[in-house]
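Trainee: Before we discuss this entry, may I ask how each label in its description is justified?
Mentor: Certainly; please look at the sequence and the structure first.

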Amino acid sequence: MNQFQGSHILSVNQLDLDAIQTIFTVAQKMTPYALREKRTKVLDGAILGNLFFEPSTRTRVSFGCAFNLLGGRVAETVGMASSSLSKGESLYDTARVLSSYSDVIAMRHPESYSVREFAEGSRVPVINGGDGANEHPTQALLDLFTIQKELHSKGLGIDGMHIAMVGDLKYGRTVHSLSRLLCMYKNISFTLISPAELAMPDYVIADIENAGHKITITDQLEGNLDQADILYLTRIQEERFPSQEEADKYRGKFRLNSAIYTKNCKSNTVIMHPLPRDSRLQANELDNDLNNHPNLAIFRQADNGLLIRMALFALTLGVDNQLEKYECPVNWYSRKADR
Ligand code: NCD
């Protein structure tokens, strides 16, 4: 039995390097299924409860498709207003009931720690798809998986790397979770670039410092990117601000485009963003003129999300060693293989 079978995945704090390696090994095994080179029906008959009480495109659809790619079916609830939570039902009651309808649940909710509270009422594994400004563990895993692959292709490793995180580091849950995962590695340099009001929370900074990593904190993008192996951009999380006007103050403060990249970064700096990028004129935090740049990893990141989520389903449901047993051919024409 693997260590994840029957367990919730709520926080990156429950993982260690061995656990991460296990997830990455299974994720790698998912590649031919994600590319439609072959199929597996290992989860035929299983149901995913995909509960998204906050907007999402990638995370929600990739959780659903990851489950479909393993042969399972998806039951989806989207939005607070259309669920009984809007009638005052507790997360505990919702979880008690919905967990008897499904075999595993993926959940996103606007409040910090809500997914943990939900998991207490659930009789099946719950995977955190983002709880408010707190955590986004599956995004952090796919980010780390991407960082490892991208650096490896350049002959580099995670130990000793330099990462610049840019934007809304206060409300951006992806950078909170990713920073904590990186704390498990050695000798990392962090450059944290944000307006002072949107700085990385003290508890994350403390984790980074306690892990012995180096931190530079600044509110200037240009002049602070020349050492970065990874440049991780984030969106202003406007939905977590007290008002739109408040969020507008910070929109467009940091922008990366081809000219700024070429002037400020090493030629092999990898560009990452959890997406969605805010492409509206007043923000345009990551310009389309970098779309074809070989170091732009944002779409590879999203592709890797499928692999990581497939791996987490296979592990929590204990079928990671049965993928081949339930394989079958792909009957339709598929372009995916030449991606
Ligand atoms: C992120 C999120 O929801 O936290 N998106 C994602 O899941 N890929 C980042 C964001 O919304 O800006």
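**Labels and their cut-offs**

Mentor: Ala164 stands opposite Leu231 in β9. This is a predicted model, in which local features need pLDDT of at least 70 and side-chain atom pairs count only at pLDDT 80 or more, while totals for chains, interfaces and linings use all residues. Residues are numbered from 1 along each chain as its sequence is written, and side-chain values use heavy atoms, with hydrogens and water left out.

Trainee: What makes β6 and β9 a pair of strands?

Mentor: A strand is a DSSP run of E with at least two residues, a helix is a run of H or I with at least four, and both are numbered from the N terminus. Two strands pair if DSSP finds at least two bridges between them. Strand β6 (residues 162-166) is joined to β9 (residues 230-233) by four bridges, so the condition is met. The two strands run parallel.

Trainee: How do you know that β9 also pairs with β10?

Mentor: Three bridges join β9 to β10 (residues 270-272), again in parallel; the pair therefore qualifies. Within β10, Val270 is the bridge partner of Ile230.

Trainee: Which way do the side chains of β9 point?

Mentor: Ile230 and Tyr232 point one way, Leu231 and Leu233 the other, and all are buried. In a regular strand, side chains alternate between the two faces of the sheet.

Trainee: Why is Glu150 called buried?

Mentor: Buried means under 20% relative accessible area, exposed means over 50%, and partly exposed lies in between, with a 1.4 Å probe and protein chains only. Glu150, in helix α6 (residues 137-152), has 9% and is therefore buried.

Trainee: What makes the approach of Glu150 to Arg300 a polar contact?

Mentor: A polar contact is a pair of N or O atoms within 3.5 Å; within protein, one must be able to donate a hydrogen and the other to accept it, and residues adjacent in sequence count only if both atoms are side-chain atoms. The side chains of Glu150 and Arg300 make such a contact at 2.6 Å, and the value falls within the limit.

Trainee: Why does Gln301 count as buried?

Mentor: Gln301 has 1% relative accessibility, so the buried class applies. Gln301 lies in helix α11 (residues 298-316), and a polar atom of the Gln301 side chain is 3.0 Å from the backbone nitrogen of His273.

Trainee: Why is Arg36 called partly exposed?

Mentor: Arg36 stands at 25%, which is neither under 20% nor over 50%, and therefore falls in between. Arg36 is placed in the loop between α2 (31-34) and β1 (39-40) and has a positive phi of about 60° although it is not a glycine.

Trainee: What makes a residue count as near the ligand?

Mentor: One of the heavy atoms of the residue must lie within 4 Å of the molecule. The residues around the ligand include Thr59, Arg108, His136, Leu275 and Pro276. Polar side-chain atoms of Arg108 and His136 lie 3.0 Å and 2.8 Å, respectively, from an oxygen atom of the ligand.

Trainee: Where is Pro276, and which kind of peptide bond leads to Pro276 from Leu275?

Mentor: Pro276 is in the loop between β10 and α11, and the bond from Leu275 is cis, with omega near 5°.
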